[in-house]
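Visitor: Could you walk me through this one? I'd like to hear about helix packing, cavities and odd backbone spots.

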Amino acid sequence: MTLEQSPLMGQMMHQPLMISSIIQFAARHYGSGEIVSRRIEPDLHDALYRSTYRDCERRARTLALALAAQGVAMGQRVGTLAWNGYRHLELYYGVSGSGAVLHTINPRLHPEQIAWIVNHAEDQLLFFDITFLPLVEAIAPACPTVRGFVLMSDRAHMPASTAIPGLLCYEDLLDAVDQAAADAWTWPVFDENAAASLCYTSGTTGNPKGVLYSHRSTVLHAYAAALPNVLNVSAADTVLPVVPMFHVNAWGLPYSVLLCGAKMVLPGARLDGKSLYDLFEGEGVTFSAGVPTVWLGLVNYALQNNLQFSTFRRTVIGGSACPPAMMDTLIDRFNVQVIHGWGMTEMSPLGTTGGLLARHRDLPVHEQRAILQKQGHAIFGVDMKIVDDEGAELPWDGRSAGHLLVKGPWILASYFRGEGGDPLQGGWFPTGDVATIDPDGFMQITDRSKDVIKSGGEWIGSIDLENIAMAHPAVLQAACIAVKHPKWDERPLLVVVRKPGADLSRETLLGWFDGKVARFWMPDDVVFVDALPIGGTGKIQKNRLREQYREHQVAAE
Ligand code: ADP
């Protein structure tokens with residue numbers, strides 16, 4: 001066949017991939033599917049709001065009309081500062097479905113950074129949960145693009161007085177829409193490549209950068225995320241996303257759960273161990289997803305109170321490396337299957353998930369765990385490779401560590417408004433992670449390139465050292481960072497939080513590493529602290545630790 005010949009075209013319907021099709025499908029085919037949401041208003045925080053996908057679709061379409069009444073046009077950004085709750089879910093569908101762009105903002109960022117992001121995105125409206133009223137009052141004067149601030153509650157919860165001029169009420173906006181008009185309204189269909197949502201990277205160095213997802217990228221990611229090899233969501237599941245809807249679309253769960261027709265449980269503002277445990281048990285949660293720091297709270301609560309989970313059977317842990325000790329506890333003590341996930345804001349976020357192949361089934365448990373511990377296999381839709389400093393591809397031998405590059409239809413091509421120029425290298429997106437890939441295609445992150453410890457010209461992986469430290473029974477959390485060394489350039493320093501009441505000395509912990517790592521990987525020193533600095537996405541802020549311990553002296557052998 002020559003290129004001049006035109007191919008025979010398929011004769012199937014052409015339907016653009018629209019986010020609104022997910023909520024329409026859920027409402028029509030799983031209409032009575034449940035959404036249970038913990039209330040956020042302080043006087044109602046023990047109350048649960050129960051609704052269905054049918055209700056959610058109706059309220060989301062009403063919201064779409066309310067947005068139009070506020071003058072929000074196609075492509076304009078609508079900001080949210082909100083927990084995982086039913087109104088946030090309505091915004092997910094109402095904003096994107098109407099053709100506007102849902103801009104989820106991480107409320108854990110510094111207020112100045114939040115104002116910077118709102119301005120950069122040129123948000124037209126800003127919706128927020130009542131928790132964030134003081135924050136929004138503080139930043140409102142610095143957000144000139146915002147034409148209306150909307151409190152996500154009802155009239156009864158509106159503040160008697162506020163510094164925010166013309167503060168709007170969410171339920172009032174919905175009530176003002178003519179319900180007959182809303183019922184007659186149909187979701188618009190437009191180019192599937194149109195922008196649907198916007199999320200800024202955490203910006204540990206420099207200003208945050210915006211990642212602008214499209215309808216197409218979001219729907220493809222939602223399909224892929226639901227696959228058995230990935231999150232394995234089904235209509236028989238009850239799913240509680242602990243991962244916040246204010247960051248990277250809660251790993252796509254607000255889309256994947258609905259297209260599977262599973263029951264959705266939204267935890268609101270209360271993410272402590274007890275509140276989560278009660279909700280897991282009360283609602284029969286079978287599946288959840290979150291970062292290791294959140295699981296730490298839940299697992300410790302259950303351990304301390306000698307509890308079991310009656311329905312919880314599967315979880316995805318990602319965002320930073322899942323410590324092996326946490327994986328072992330979840331599997332062995334609680335009978336919860338752990339799926340290790342890796343990705344990033346620029347990847348919508350899912351790139352790989354862990355699991356076993358059929359032929360791994362009869363392996364001894366410790367060998368299976370070593371496989372599950374890896375960040376896992378590429379998801380169909382994501383391609384990856386590892387390269388050396390010169391860009392030459394490295395072998396998939398499970399040992400050669402190199403810069404990890406990815407490509408695929410839900411991976412960023414350029415940042416919002418072209419910030420940072422062209423990020424791609426020959427069509428691949430450089431993740432900033434260092435990884436190995438084994439002959440079976442399992443990828444393992446050894447480090448973030450900026451966290452790697454370079455000692456005497458060799459790389460020392462900080463994640464491995466942290467995992468070993470965290471396997472010690474007296475260690476709650478550990479971070480390993482590079483400190484300057486006169487002879488070796490950099491050496492590893494362990495910063496450790498002991499478990500409450502545990503007794504552990506520097507010497508005992510260093511002795512724990514004997515025989516577990518090569519001699520030159522041995523940490524040079526340990527400092528014990530009460531807590532580690534945690535950033536807006538629940539990750540340990542190693543840049544702050546590096547800053548703090550910059551002058552730390554280790555013996556110069
Ligand atoms: P997100 O905002 O989704 O947490 P970021 O873009 O802030 O993502 O951070 C992505 C980075 O987090 C990755 O490049 C990687 O360094 C780290 N990361 C994510 N998941 C894992 C994991 N399972 N193991 C190790 N590192 C991870």
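Visitor: At what angle do H1 and H2 pack?

Guide: Quick groundwork: this is a predicted model, where local features need pLDDT of at least 70, side-chain atom pairs count only at pLDDT 80 or more, and totals for chains, interfaces and linings use all residues. Residues are numbered from 1 along each chain as its sequence is written, and side-chain values use heavy atoms, with hydrogens and water left out. Helices (H or I, at least four residues) and strands (E, at least two) are DSSP runs numbered from the N terminus, while axes are lines fitted to C-alpha atoms, for helices over the stretch in contact, with angles running from 0 to 180 degrees between N-to-C directions. H1 covers residues 19–29 and H2 residues 53–69, their axes are 8 Å apart, and the packing angle is about 140°.

Visitor: What orientation class does that give H1 and H2?

Guide: Under 35 degrees counts as roughly parallel, over 145 as roughly antiparallel, 65 to 115 as roughly perpendicular and the rest as oblique. The angle here is about 140°, so H1 and H2 are oblique to each other.

Visitor: Which H2 residues make the contact with H1?

Guide: Contact means heavy atoms within 4.5 Å. H1 brings Ile 23, Gln 24, Ala 26 and Ala 27, and from H2 come Tyr 53, Arg 54, Cys 56 and Glu 57.

Visitor: How many nonpolar residues are in the contact of H1 with H9?

Guide: H1 and H9 (residues 253–260) have axes that come within 8 Å and cross at roughly 40°. The contact joins Ile 19, Ile 22, Ile 23, Phe 25 and Ala 26 of H1 to Tyr 255, Leu 258 and Leu 259 of H9. Ala, Val, Leu, Ile, Met, Phe, Trp, Tyr, Cys and Pro count as nonpolar, Asp, Glu, Lys and Arg as charged, and the others, Gly among them, as polar. There are no polar and no charged residues in this contact, and the nonpolar count is eight.

Visitor: And H12 with H13: which hand is the crossing?

Guide: H12 (residues 324–333) and H13 (residues 365–373) pack at about 120°, axes 11 Å apart. A crossing is left-handed if the near helix is turned anticlockwise from the far one by less than a right angle, and right-handed if clockwise. H12 passes H13 in a crossing that is right-handed.

Visitor: Which element gives the most to the lining of the largest cavity?

Guide: On a 1 Å grid over the protein atoms alone, a cavity is a set of points where a 1.4 Å probe fits but cannot get out, and lining residues have an atom within 4 Å of a point. The largest cavity holds about 90 Å³ of space, a volume being the space filled by probe spheres set on the points, with grid points joined across faces, edges and corners. Strand E1 (34–38) and helix H3 (86–98) each supply at least two lining residues. The top contributor, with three residues, is H3.

Visitor: Which peptide bond is cis?

Guide: Most residues other than glycine have a negative phi, and most peptide bonds are trans. Pro 349 sits in the loop between strands E14 (337–343) and E15 (350–353). With omega near 5°, the cis bond runs from Ser 348 to Pro 349.

Visitor: What is the phi of Glu 122?

Guide: Glu 122 is in the loop between helix H4 (111–121) and strand E5 (125–128). Although Glu 122 is not a glycine, its phi is positive, about 55°.

Note on methods:
1 Å grid on protein atoms, 1.4 Å probe; cavity = no way out; pocket = protein on both sides within 12 Å on 5 of 7 lines; lining within 4 Å.
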